[in-house]
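User: Please take a close look at one helix of this model and at what surrounds it, and then place it beside other strands and cores of the chain.

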Amino acid sequence: MYPGAYAKQNPSKAAFIMASTGEEVSYQVFDERSNQLAHYLRYEGLKKNDHYSVFMENNNRYLESNSAGERAGLYCTCINSYLKTQELSYILINSDTQILITSKAKLDIVKEAAKNCSLLKRILVVGADNDELPKSFLDYKKAVSDFPTTPIEDESLGTSMLYSSGTTGRPKGILRPLPDQRPDEPLPIMNFLSTLWNYREDMIYLSPAPLYHSAPLFANNFAIRAGATTIIMEKFDPLEFLRLIEKYAVTDSQMVPTMFNRILKLSEEERKRYDLSSLKHVIHAAAPCPVQVKRQMIEWWGPIINEYYGATEAFGFAYCDTREWLEHPGTVGKIMIGELSILDDEMNEVPTGESGTLWFKPASEFKYHKEPEKTAEAYSKDKSLTTVGDVGYLDQDGFLHLTDRKAFMIISGGVNIYPQECEDLLISHPKVYDAAVFGVPNEDLGEEVKAVVQPIDGHSDDKNLTNELLDYLNDHLSRQKVPRSIDFVSELPRLPTGKLYKRLLRDKYWQSGKSKIIQE
């Protein structure tokens, strides 16, 4: 998030606006604040390739917290703000974090987590004001306010080191090597994406997701580097999202499929309440979008939006315009970079139309921090290809269909079952708000298919709803893919990014050895 020349060319232009308060931070102020923090990090002894972290909700200091590292040659780890104490401690220790930037709202968790982090020198607290803080904790604003607003002498390019979401296991830090270059020269992969997704000076970008997640973090980075204005939502709300499009004449946004689904659950009157005609481009990422959800969104937004963009998690990116996705709604799109290979477990190429693991020529070098075995698993033996375990297939027209993640595969009676197809059908049912499908213990088959459903308000979790959903699934799926049973919960453990913590659901069944959920 390096503002570069825009801080001088357009000093009074809003770099970003906080959606809930309307607070505007200009390019000049943003540049000065990030310079002050960069000076502070140097004062604390952080040098090129060192690590610091950010653990807080979306607020008016989040973007500058990243910008400082990007101009000081540092790795900045933005940590999931919903993590608990032990999870936070693990990432702080694993990432070699020396300085942590947090907020008053997260202070209690940080106090406990910091006790186990011997490398942690200082903790800066946003919004602490005059509150009494423990030793080694400082009020953020006071700590940086006396430092120069001009750039540090040894500016060099830094970047983020983000952690995987941990939905299938322990989070892993994704480390990309830092070249010796100035911060106004971004990594090649960042240049490519910014151009592909048409980031430009006259765009108004609406950011609805938590900034610790890679897609919104990079999107805001691209927007500020392009001299655009971003609108930061503190929390996603579907109706508020539509209101903000009208209020700020938003031109671009990035969403996850769960957000699409939440908008579609609004009434027709609510969806038509605001003028959305300014919106031109939408990027969707993080997970495959259910065919039914994508088709409904395109049919509704298609006359408004010129282009949709999709992205796989395996560092391969795809593009479709609305016409193509109406014809191919179940696809990510056509691959734009790298050579895609779809391989079986023996690394043999599978026929067109058959599912396999997605492997790409690396778009940029990376490794998992302190995880040499996991890094090796992510590359082919000759290091020419890489994967994160996405599963999918190419159709006859060259469009990529994502079917699931390899880690989510269910093996029932020797049959491999990917649950994404069943989940997509359930989420599209009018009485279902959210759903998860995964494998649970079965003495005979090894695993059986289980569904956990969050019903729409007003619909009870009775036997009639269970039978209705099972009949619905039996009409669309082969027998082995249909859940043997359905449990109902008031809410699924899904992050605001749309990521489903399926591991948390699955572990409850496997720890008990039963197919009935254990309520906490």
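The helix in question is α16, and the strands and cores follow after it.

Analyst: This is a predicted model, in which local features need pLDDT of at least 70 and side-chain atom pairs count only at pLDDT 80 or more, while totals for chains, interfaces and linings use all residues. Residues are numbered from 1 along each chain as its sequence is written, and side-chain values use heavy atoms, with hydrogens and water left out.

Helix α16 covers residues 463-474; helices (H or I, at least four residues) and strands (E, at least two) are DSSP runs, numbered from the N terminus. Its 12 residues should span 16 Å at 1.5 Å a residue, and this agrees with its end C-alpha atoms, which are 16 Å apart. The expected span is 1.5 Å times one less than the number of residues.

Leu465, Thr466, Leu469, Leu470, Tyr472 and Leu473 of α16 are buried, where buried means under 20% relative accessible area, exposed over 50%, and partly exposed in between (1.4 Å probe, protein chains only). These buried residues fall within an arc of 160 degrees when seen down the axis of α16, so they line one face of the helix; the arc is that of the directions from the helix axis to the C-beta atoms. The face turned away from this buried side carries Lys463 and Asn464, which are exposed. The partners against which the buried residues of α16 pack are α15 (420-428), β24 (432-442), β25 (446-455) and β26 (485-488).

Elsewhere, strand β17 (residues 340-343) has Leu340 and Ile342 pointing one way and Ser341 and Leu343 the other way, and all are buried. Strand β17 runs antiparallel to β18 (residues 356-360), to which four bridges join it; two strands pair if DSSP finds at least two bridges between them. Isoleucine 342 has leucine 358 of β18 opposite.

Six strands form an open sheet with parallel pairing, in the order β7-β6-β5-β3-β4-β8. Its edge strands, β7 (137-139) and β8 (159-160), each pair on one side only. Three parallel bridges link β6 (residues 122-126) with β7, and valine 125 stands opposite aspartate 139 in β7.

The largest nonpolar core (buried Ala, Val, Leu, Ile, Met, Phe, Trp, Tyr and Cys residues joined through side-chain atoms within 4.5 Å) has 64 residues, and Leu37, Leu41, Tyr52 and Ile101 are those with the most contacts inside it. Helix α2 (residues 27-43) gives the largest share of this core, six residues. Apart from this core lies another, of 31 residues, including Phe236 and Leu244.

Methods
Contact = heavy atoms within 4.5 Å.
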